[in-house]
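Got a few minutes and a structure viewer open? Here are some short exercises to work through, each with a solution you can check yourself against.

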Amino acid sequence: MKKLREIMREGFLFAVRRNATVAEAARTMTEKNVGIVAVLDADRLIGVFSERDAVRRVIDKGLDPDVTTVEEVMTRNLVIADENEDYHTAMRTMDQANIRHLPVVRDTQVVSMLSIRDLMRVDMERMGEELRFLQEYLYTVPPDLAERPRS
């Protein structure tokens with residue numbers, strides 16, 4: 001089973017500093033075409049800020065994105081995965097936590113961000129390979145039967 005280190009794109013992680021405004025974080029997410037950014041204090045991951053956070057914790061509360069910092073509204077209870085974890089375990093973790101993005105760490109350093117879409121793509125490839133194998137198994141005539149004359 002594939003490990004996250006085989007799936008992730010090293011360095012595919014967009015981050016903002018904890019004192020960045022929500023508007024700045026939203027611009028970063030728009031420019032990079034991502035739904036989440038890591039929130040860093042120096043090089044340490046202290047939270048994440050997602051589209052969901054923007055809607056629920058900023059817009060719904062009537063906060064001003066130009067003055068509200070991501071630190072005030074970020075998700076603090078992080079669910080993370082080690083790069084050596086298998087993708088199926090990561091999918092299960094994400095499902096149980098009801099999250100769509102998963103920071104991936106190496107030792108204590110965050111190195112990438114995976115989405116549920118990334119993991120589903122790998123799972124669909126695996127299922128396609130299994131299906132091809134089963135089709136070959138079911139529809140391939142064994143060599144000894146192929147050589148027999150038909151009556």
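The exercises below all use this predicted model.

**Exercise 1. Find which residues have the most contacts inside the largest nonpolar core, and which elements supply it.**

Step 1: Start with the core itself, which has 15 residues. Those with the most contacts inside it are Val16, Val22, Ala25, Val37, Val39, Phe49 and Val70.

Step 2: Now sort by element. At least two residues each come from α2 (22-32), β2 (36-41), β3 (44-50), α3 (51-59) and α4 (70-73). The top contributor is α2, with 3 residues.

Step 3: Zoom in on Val16. Skipping its neighbours within four places in sequence, you'll find Val16 touching Ala25, Thr28, Val37, Ala38, Val39, Leu40 and Val70.

Step 4: Don't stop there, as a second, separate core of 14 residues is also present, with Ala81, Tyr87, Ala90 and Val111 among its members.

**Exercise 2. Work out the strand order of the sheet and say which strands stand at its edges.**

Step 1: Line up the 3 strands: the order is β1-β2-β3, in an open sheet with mixed pairing.

Step 2: Count partners. β1 and β3 each have a single partner strand, so one side of each has no neighbour in the sheet, and these two are the edges.

Step 3: Check the twist, which averages 35° from one strand to the next.

Step 4: Look at one pair up close. β1 and β2 run parallel and are joined by 3 bridges. Alanine 15 sits opposite alanine 38 of β2.

**Exercise 3. Decide whether phenylalanine 12 is buried, partly exposed or exposed, and list its contacts.**

Step 1: Locate phenylalanine 12 in the loop between α1 (4-7) and β1 (15-17).

Step 2: Take its relative accessible area, 26%. Buried needs under 20% and exposed needs over 50%, so phenylalanine 12 is partly exposed.

Step 3: Leave out neighbours within four places in sequence, and the contacts of phenylalanine 12 are Val34, Val111, Ser112 and Met113.

**Exercise 4. Describe how helices α5 and α6 are arranged.**

Step 1: Get the distance and the angle. The axes of α5 (residues 87-97) and α6 (residues 116-139) come within 10 Å and cross at roughly 135°.

Step 2: Classify the angle. Roughly antiparallel would take over 145 degrees, and α5 and α6 are therefore oblique to each other.

Step 3: Add the handedness: α5 passes α6 in a left-handed crossing.

Step 4: Name the contacting residues. α5 brings Tyr87, His88, Ala90, Met91 and Met94, while α6 brings Ile116, Leu119, Met120, Val122, Asp123 and Arg126.

How values were computed: Residues numbered from 1 in each chain as written. Predicted model: local features only at pLDDT ≥ 70, side-chain atom pairs only at ≥ 80, totals over all residues. Heavy atoms only, no water. Core = buried A, V, L, I, M, F, W, Y, C linked by side-chain atoms within 4.5 Å. Buried < 20%, exposed > 50% of the residue type's maximum accessible area, 1.4 Å probe, protein only. Helix = DSSP H or I, 4+ residues; strand = E, 2+ residues; numbered from the N terminus. Contact = heavy atoms within 4.5 Å. Pairing = 2+ DSSP bridges. Axes fitted to C-alpha atoms, helices over the stretch in contact; angles between N-to-C directions. Parallel < 35°, antiparallel > 145°, perpendicular 65-115°, else oblique. Left-handed = near helix turned anticlockwise from the far one by under 90°.
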